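These are my notebook entries on a structure that I had not examined before. I record what I looked up and what I found.

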Amino acid sequence: MTAIIQADTSAAVAGRARAHGTLRYLLRRPAFVVSAAIALGWVVVAIAWPVLAPYPPDQVHPLHAFGRPSAAHLLGTDWLGRDVLSRTLAGSSSVLVLAPASALLAVAVGTAIGLTAGYYRGTVDMVLMRITDAVVTIPGIILDVLVLASFGRSELVLVLVVAAGFAPLVSRTVRAAVLAERERDYIDAARLRQEPAVYIMVAELLPNVLPPILVELTIRLGYAVFAVATLSFFGLGPQQPSPDWGLTVSLGIQYVQNAPWIVLAPAAAIGSLVVSVTILGDEIRAAVER
Amino acid sequence: MLAARRRPVSMRGLRGYVLRRMLLVPVTLLVVSLIVFALAQLVPGDVGRAILGPYATAAQVHRLDAQLGYDRPLLVRYWQWVTGFVTGNWGNSPVLQVPIRSLIAARIGNSLLLAAVAFVIVVPVSVLLGVLSGLRPGSQADRAISVTGLALLGLPEFVGGTFLLVIVGVLLHWLPTTAQAPPGSGLATRLHYLLLPALALVPVLLGYLSRMARAGTAETAQAPFIRTATLKGLPRRVVLGRHLLPSALLPTLTVVSVQVSYLVGGLVVIEELFNYPGIGKLFLDSALTHDIPTLADITMLLAAIYLIISLLADIGYALLDPRIRLAPS
């Protein structure tokens with residue numbers, strides 16, 4: 001008994017040491033450090049924008065509409081005379097709630113499906129994977145628009161539909177990891193101890209397939225920002241007068257000839273966020289698979 | 001992230017593979033049609049009310065429902081819709097009061113032209129970049145290309161499109177900012193107007209294709225038959241052109257289906273951004289106006305196009321790969 005406990009502790013220590021080593025490796029990579037700094041910067045802005053924004057983002061000033069960038073308004077004003085800088089800072093909060101929520105939900109559901117399919121195999125596995133195949137056939141954004149058009153627009157449905165599109169992909173990754181892991185001796189031991197299946201899946205298998213799940217989470221986060229921003233650009237996400245970036249680009253694009261700063265600021269904001277999150281995901285994947 | 005190199009064929013040979021692969025198309029379409037029909041049933045409220053608005057009487061709503069066939073049982077309606085779709089009998093758009101077929105027919109050519117221009121730009125550029133970086137993995141150029149490709153891969157089309165529109169169109173005046181040429185202009189003028197929207201479609205496709213081409217080139221460059229070709233004194237041009245590239249670029253062909261899927265999403269975005277009357281804009285407009293029959297038919301059409309193109313890509317791959325083409329049947 002003591003021996004088993006000791007083995008467990010030393011395994012946990014080794015796991016922690018490996019995680020520590022991965023982190024140290026990542027911190028030496030300039031691409032990781034720069035993209036992590038940009039992404040963290042946007043998280044700070046999403047929380048602290050009421051302090052940072054020079055004007056209230058909804059303050060309308062019809063006489064100062066379409067103002068060029070100036071000392072008073074660093075990034076100019078929009079078609080209602082609202083301060084573009086303030087709206088761009090405030091616009092971070094919607095995408096930084098909706099995208100992580102979708103990614104987390106997708107990974108949670110995908111992990112549950114992947115664990116079940118990989119552990120039971122047989123019919124359960126086959127049925128789950130065929131459904132997954134069918135969902136993957138329709139291009140993601142088409143399915144998202146279809147569901148949002150049918151159910152009506154709401155941010156909750158937006159999160160659910162983006163997560164539903166990603167969950168099958170997550171489940172494939174998790175299933176593949178579980179298939180390799182379930183043949184190990186400690187799973188046989190757990191079965192001999194007559195541990196319930198749910199306990200084996202959650203307490204034995206899950207901790208050991210955690211690294212690919214974490215990689216999946218960071219990669220899905222990048223895709224989630226992409227999907228959420230695109231759906232808000234379609235007008236299927238946050239509604240007016242929200243300062244959401246995608247919404248602002250779609251409304252402001254008609255003034256692009258005379259006031260390009262209205263769309264340039266939110267477009268640059270989405271660009272910096274999505275590119276930094278994508279590179280972050282790739283760096284973490286490379287570090288874990290090292 | 002990159003799809004693994006597919007080896008679709010066992011020893012059963014090409015004909016069996018092609019047959020099985022072709023059979024998969026109607027089966028998948030059937031599943032897609034069930035999903036689309038189920039979603040179309042979830043429209044809140046009833047269809048007649050949605051069209052006539054809150055001031056119509058219950059009798060009027062009921063009459064329109066009957067006229068549109070919404071009072072019949074689910075299975076009957078599903079059967080009518082599917083058989084109608086297959087026979088080309090697509091009915092009218094309840095919102096626009098126009099046959100859906102003529103709506104789609106008027107726009108699909110525009111979308112195909114835009115997609116073709118984008119592909120003509122993206123394929124040579126991404127293959128060139130991918131091969132360049134794949135030949136010298138780890139070099140400065142390789143790292144620059146792969147980081148840029150990764151960044152482009154994650155950039156939503158409307159963001160890249162907005163940058164292009166502002167910089168190339170508004171600030172530099174190099175290209176027109178509208179996608180549609182004045183009516184009656186020739187093909188050359190139409191292509192000139194389409195250049196900017198097509199360029200906006202490039203980044204996402206470029207990121208993915210160049211990464212595939214790079215992976216294929218880097219893997220093949222290590223293969224023994226390339227070393228043999230080099231050691232027997234063939235000029236580098238021949239080694240590259242006749243030995244390396246054909247097998248290095250095969251895996252790139254298999255991701256064509258993924259590309260088509262990206263392209264469909266991209267078309268919806270770019271046609272909306274440039275206000276271009278293609279099938280993507282029609283799709284989004286019908287979504288925003290709750291024109292569910294039109295939406296359902298476009299989705300089925302897009303799924304069918306997608307499945308047929310990926311079928312052709314897989315068969316093309318099987319035909320080009322000597323290991324599969326020459327396998328005993």
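**Entry: A:Arg191 and its partner**

I began with the exposure of A:Arg191 in this predicted model. A:Arg191 has a relative accessibility of 33% and therefore counts as partly exposed, since that class lies between 20% and 50%. I then looked for a charged partner and found A:Asp188, whose side chain meets that of A:Arg191 in a salt bridge with an N to O distance of 3.5 Å. A:Asp188 is also partly exposed, at 34% relative accessible area. I asked why these two residues are separated by about one helical turn. Both belong to helix α8 of chain A, residues 185-192, and they are three residues apart there, so about one turn separates them.

**Entry: further salt bridges**

I searched the whole structure and noted 18 salt bridges over all chains. I looked up several of them by name.

In chain A, the side chains of A:Arg285 and A:Glu289 form a salt bridge at 3.2 Å, N to O. I checked each partner for exposure. A:Arg285 is buried, because its relative accessibility of 19% falls under the 20% limit. A:Glu289 is exposed, because its value of 56% is over the 50% limit.

In chain B, I found B:Lys281 joined to B:Asp285 by a salt bridge of 3.3 Å, N to O. Helix α13 of chain B, residues 279-288, holds both residues. They are four residues apart in that helix, about one turn. B:Lys281 counts as buried at 13% relative accessibility, whereas B:Asp285 counts as partly exposed at 29%.

I also asked which residues of chain A are linked in a network of salt bridges. The network consists of A:Asp58, A:Asp78, A:Arg82 and A:Arg87.

**Entry: a nonpolar patch on chain A**

I next looked for nonpolar side chains at the surface. A:Leu105, A:Val109, A:Leu156 and A:Leu160 make a nonpolar surface patch of about 340 Å². Two elements of chain A each give two or more residues to this patch, namely α4 (92-120) and α7 (155-181). I looked more closely at A:Leu160, which is found in helix α7 of chain A. Is A:Leu160 buried or exposed? The residue falls in between: with a relative accessible area of 45%, A:Leu160 is partly exposed.

**Entry: helices α6 and α7 of chain A**

Having reached α7 of chain A, I examined how it packs with another helix. Helix α6 of chain A covers residues 140-151, and its axis comes within 10 Å of the axis of α7(A). The two axes cross at roughly 150°. I noted the crossing of α6(A) past α7(A) as right-handed.

I then asked which residues of α6(A) and α7(A) meet. From α6(A) I listed A:Leu143, A:Asp144, A:Val147, A:Leu148 and A:Phe151. Their counterparts in α7(A) are A:Val157, A:Leu158, A:Val161 and A:Val162.

**Entry: a glycine in chain B**

I turned to B:Gly53, which is placed in the loop between α2 (47-52) and α3 (58-68) of chain B. At 15% relative accessibility, B:Gly53 is buried, because the value is under 20%. I also looked up a separation within chain B: the C-alpha atoms of B:Gly53 and B:Thr83 are 30 Å from each other. These residues are 30 positions apart along the chain.

**Entry: the chains as wholes**

I closed with the overall figures for each chain.

Chain A has 12 helices and zero strands. Its C-alpha atoms fill a box of roughly 80 × 45 × 25 Å along the principal axes. Of its 290 residues, 49% count as buried. I noted about 13500 Å² of exposed area for chain A, with 68% supplied by carbon and sulfur atoms. For contacts between residues at least 6 apart in the sequence of chain A, 71% join residues at least 24 apart.

Chain B has 15 helices and zero strands. The box filled by its C-alpha atoms is roughly 85 × 60 × 35 Å, again taken along the principal axes. Of the 329 residues of chain B, 49% count as buried. The accessible surface of chain B is about 16400 Å², and 67% of it belongs to carbon and sulfur atoms. Among contacts between residues at least 6 apart in sequence in chain B, 72% join residues at least 24 apart.

Technical notes:
Residues are numbered from 1 along each chain as its sequence is written. Chains are lettered from A and ligands numbered from 1 in the order in which they are written. This is a predicted model: local features need pLDDT of at least 70, side-chain atom pairs count only at pLDDT 80 or more; totals for chains, interfaces and linings use all residues. Side-chain values use heavy atoms; hydrogens and water are left out. Patches are made of residues with over 30% relative accessible area and no salt bridge: like charges are joined within 9 Å, nonpolar side chains (Val, Leu, Ile, Met, Phe, Trp, Tyr) within 5 Å. Accessible areas come from the Shrake-Rupley method with a 1.4 Å probe; for residues, only the protein chains shown count as cover. A salt bridge is a side-chain nitrogen of Lys or Arg within 4 Å of a carboxyl oxygen of Asp or Glu. Buried means under 20% relative accessible area, exposed over 50%, partly exposed in between (1.4 Å probe, protein chains only). Axes are lines fitted to C-alpha atoms, for helices over the stretch in contact, and angles run from 0 to 180 degrees between N-to-C directions. A crossing is left-handed if the near helix is turned anticlockwise from the far one by less than a right angle, and right-handed if clockwise. Contact means heavy atoms within 4.5 Å.
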